[in-house]
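Reader: I am new to this structure and would like a careful look at a single part of it. Could you take one helix and follow what its residues meet elsewhere in the chain?

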Amino acid sequence: MNLQELSDRLEITDLLTRYASAVDRKDWDLFRQVFTADAELDYTSAGGIAGDLDTQVEWLAEALAQFPATQHMVANVGIEFTGDDSATVEAMFHNPMVMPDKSAWVTGGWYHHEVKRTADGWRSVRLREESAYFSGMPSDLDRPE
């Protein structure tokens, strides 16, 4: 592994940290900095939607507004370079979410990103969430359409 690959791996891992921080802080400007303008995101495995970046920002802002706190923990990051300026990434996530009544439910699974190097650094062009489990999810959870 050469220095460029090490640097790229660190930058891509930082991109995943930025993603988790943006979602947990509901910082949609920071969230946009994770993705290319034409990115496609798919949250259907968790009961969400698939669509472009603008659609997802609007949907996530509404869907996550009901949670006073969330904490996305990302680990076991696997990066496979598919070219000098592109890679696929698989990373596990564990996400406790606090409900208004202070109860919590937890979801976990994998994030699958396709990333590319841009003039602004590494960015995700495609994200697909693969849900593995849900625990303690209330049956009356308000899911925006």
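Author: What follows starts from helix H1 and then moves outward to the parts that are linked with it.

The model is a predicted one, and every value below was computed from it. Helix H1 has 23 residues and spans 32 Å from its first C-alpha to its last, which is close to the 33 Å expected at 1.5 Å a residue. At the start of H1, a side-chain oxygen of asparagine 2 comes to within 3.0 Å of the backbone nitrogen of glutamine 4. Just after H1, at its other end, lysine 26 takes a positive phi of about 55 degrees. Among the residues of H1 that are buried are Asp8, Ile12, Leu15, Leu16 and Tyr19, and three of these, Asp8, Leu15 and Tyr19, serve as starting points here.

Tyrosine 19 is buried, with a relative accessible area of 2%, and tyrosine 111 also counts as buried, at 1% relative accessibility. The structure holds 10 aromatic pairs. In one of them, the rings of tyrosine 19 and tyrosine 111 have their centres 5.1 Å apart and their planes at 75 degrees, so the pair is edge-to-face, the class for planes over 60 degrees apart. Because tyrosine 19 lies in helix H1 (residues 3-25) and tyrosine 111 in strand E6 (residues 104-118), the pair ties together parts that are 92 residues apart in sequence. Both tyrosines belong to one aromatic cluster, formed by Tyr19, Trp28, Phe31, Phe35, Phe93 and Tyr111.

Asp8 leads to charged side chains, for Asp8, Asp85 and Arg117 are linked in a network of salt bridges. Within that network, the side chains of arginine 117 and aspartate 85 meet at 2.6 Å, N to O. Arginine 117 lies in strand E6 and aspartate 85 in the loop between strand E4 (73-83) and strand E5 (86-98), so this pair ties together parts that are 32 residues apart in sequence. Asp8 is buried, whereas arginine 117 counts as partly exposed at 28% relative accessibility, and aspartate 85 is likewise partly exposed, with a relative accessible area of 41%.

Leu15 leads to strand E7, where serine 124 lies. Serine 124 touches Leu15, and also Val34, Phe35, Thr36, Ala39, His113, Glu114 and Val115, when residues up to four places away in sequence are not counted. With 0% relative accessibility, serine 124 counts as buried, and a polar contact of 2.8 Å joins its side chain to that of histidine 113.

Strand E7 (residues 121-135) is in turn paired with strand E1 in the parallel sense, over 4 bridges, and glutamate 40 stands opposite arginine 126 in E7. Arginine 126 also forms a salt bridge with glutamate 114, the closest N and O atoms being 2.8 Å apart. Since arginine 126 lies in strand E7 and glutamate 114 in strand E6, this salt bridge ties together parts that are 12 residues apart in sequence. Arginine 126 is partly exposed, with a relative accessible area of 40%, and glutamate 114 is partly exposed as well, with 34%.

From helix H1, then, the ring of tyrosine 19 leads to strand E6, Asp8 leads to the salt-bridge network with Asp85 and Arg117, and Leu15 is touched by serine 124.

How values were computed:
Residues are numbered from 1 along each chain as its sequence is written. This is a predicted model: local features need pLDDT of at least 70, side-chain atom pairs count only at pLDDT 80 or more; totals for chains, interfaces and linings use all residues. Side-chain values use heavy atoms; hydrogens and water are left out. Rings of Phe, Tyr and Trp (its six-membered ring) pair if their centres lie within 6.5 Å; planes under 30 degrees apart count as stacked, over 60 as edge-to-face and the rest as tilted. Helices (H or I, at least four residues) and strands (E, at least two) are DSSP runs, numbered from the N terminus. Buried means under 20% relative accessible area, exposed over 50%, partly exposed in between (1.4 Å probe, protein chains only). The expected span of a helix is 1.5 Å times one less than its number of residues. A polar contact is a pair of N or O atoms within 3.5 Å; within protein, one must be able to donate a hydrogen and the other to accept it, and residues adjacent in sequence count only if both atoms are side-chain atoms. Two strands pair if DSSP finds at least two bridges between them. Contact means heavy atoms within 4.5 Å. A salt bridge is a side-chain nitrogen of Lys or Arg within 4 Å of a carboxyl oxygen of Asp or Glu.
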